Amino acid sequence: MKQAMRKPTSVGDVLQYEFLEPLGLRVNDLADMLNVHRNTVSALVNNNRKLTTEMAYRLALVFATSVEFWLNLQRHLDQWEVENDARTQEELSRVTPLTTFLAQRHQVA
């Protein structure tokens, strides 16, 4: 397992502390702008839901950012979680690379 670095900032935290609070917006306001249910935004802001590609497009349109900005936030967090989860790392250690699989198959044949 890699040496743990600081957990990347989540989409929800960026929304809350870089957009909603400074702009004086509420979850309901953002939901209206995004044209989604308030529960959808609430779950995202509270880190109970992962960002979808569609939502990244919506956020990019609302805040005049790039889609990649939002997707990269989620991707970095997802990668960090995989790299720093012992159970996942244990499972990944059991994955057989294609070259190993093919070599073993040829030995049996």
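The exercises below work through a predicted model of one protein chain, each with a stepwise solution.

Residues are numbered from 1 along each chain as its sequence is written, and side-chain values use heavy atoms, with hydrogens and water left out. Because the model is predicted, local features need pLDDT of at least 70 and side-chain atom pairs count only at pLDDT 80 or more, whereas totals for chains, interfaces and linings use all residues.

**Exercise 1. Overall form**

Determine the secondary structure of the protein chain, and decide whether the chain is more spread out than a compact globule or not.

Step 1. Helices (H or I, at least four residues) and strands (E, at least two) are taken as DSSP runs, numbered from the N terminus. On this basis the protein chain has seven helices and zero strands, and its pattern along the sequence reads α-α-α-α-α-α-α.

Step 2. The radius of gyration is taken over C-alpha atoms, and the globule rule is 2.2 Å times the number of residues to the power 0.38. For 109 residues the rule gives 13 Å, while the protein chain has 19 Å, well over that value, so the chain is more spread out than a compact globule.

Step 3. Taken along the principal axes, the box filled by the C-alpha atoms is roughly 65 × 25 × 25 Å.

Step 4. Buried means under 20% relative accessible area, exposed over 50%, and partly exposed in between (1.4 Å probe, protein chains only). Of the 109 residues in the protein chain, 25% are buried.

Step 5. With contact meaning heavy atoms within 4.5 Å, residues 24 or more positions apart account for 55% of the chain's contacts with a separation of 6 or more.

**Exercise 2. The nonpolar core**

Identify which residues touch the most other members of the largest nonpolar core, and which helices supply it.

Step 1. A nonpolar core is a set of buried Ala, Val, Leu, Ile, Met, Phe, Trp, Tyr and Cys residues joined through side-chain atoms within 4.5 Å. The largest one has 21 residues, of which Val11, Leu15, Leu30, Leu51, Leu59 and Trp70 touch the most other members. At least two residues of this core come from each of H1, H2, H3, H4 and H5.

Step 2. In H1, helix residues 11–23, the buried residues are Val11, Gly12, Val14, Leu15, Phe19 and Leu20, and their cover includes H2, H3, H4 and H5.

Step 3. In H3 (residues 38–45), Val41, Ser42, Ala43, Leu44 and Val45 are buried, and what covers them includes H1, H2 (27–34) and H4 (53–63).

Step 4. Leaving aside neighbours within four places in sequence, the contacts of Trp70 include Val11, Val14, Leu15 and Phe19, together with Leu51, Leu59 and Ala60.

Step 5. As background, nonpolar side chains in soluble globular proteins tend to be buried together.

**Exercise 3. Ala60 and Gln74**

Establish whether Ala60 and Gln74 are buried or exposed, and what each one touches.

Step 1. Ala60, found in helix H4, counts as buried because its relative accessibility is 8%. Not counting residues up to four places away in sequence, Ala60 touches Thr65, Ser66, Val67 and Trp70, and its C-alpha atom is separated by 10.0 Å from that of Leu34, 26 residues apart along the chain.

Step 2. Gln74 has its place in helix H5 and is buried, with a relative accessible area of 7%. Beyond its neighbours within four places in sequence, Gln74 is in contact with Val11, Lys50 and Leu51.

**Exercise 4. Positive phi in the loops**

Find where Asn35 and Asn47 lie and how exposed each is.

Step 1. For context, most residues other than glycine have a negative phi.

Step 2. Asn35, in the loop between H2 and H3, has a positive phi of about 60 degrees although it is not a glycine; with a relative accessible area of 63%, Asn35 is exposed.

Step 3. Asn47 lies in the loop between H3 and H4, just after H3, and takes a positive phi of about 60 degrees. At 39% relative accessibility, Asn47 counts as partly exposed.

Step 4. A glycine can be set beside these two residues: Gly24, which follows H1, has a positive phi near 70 degrees.
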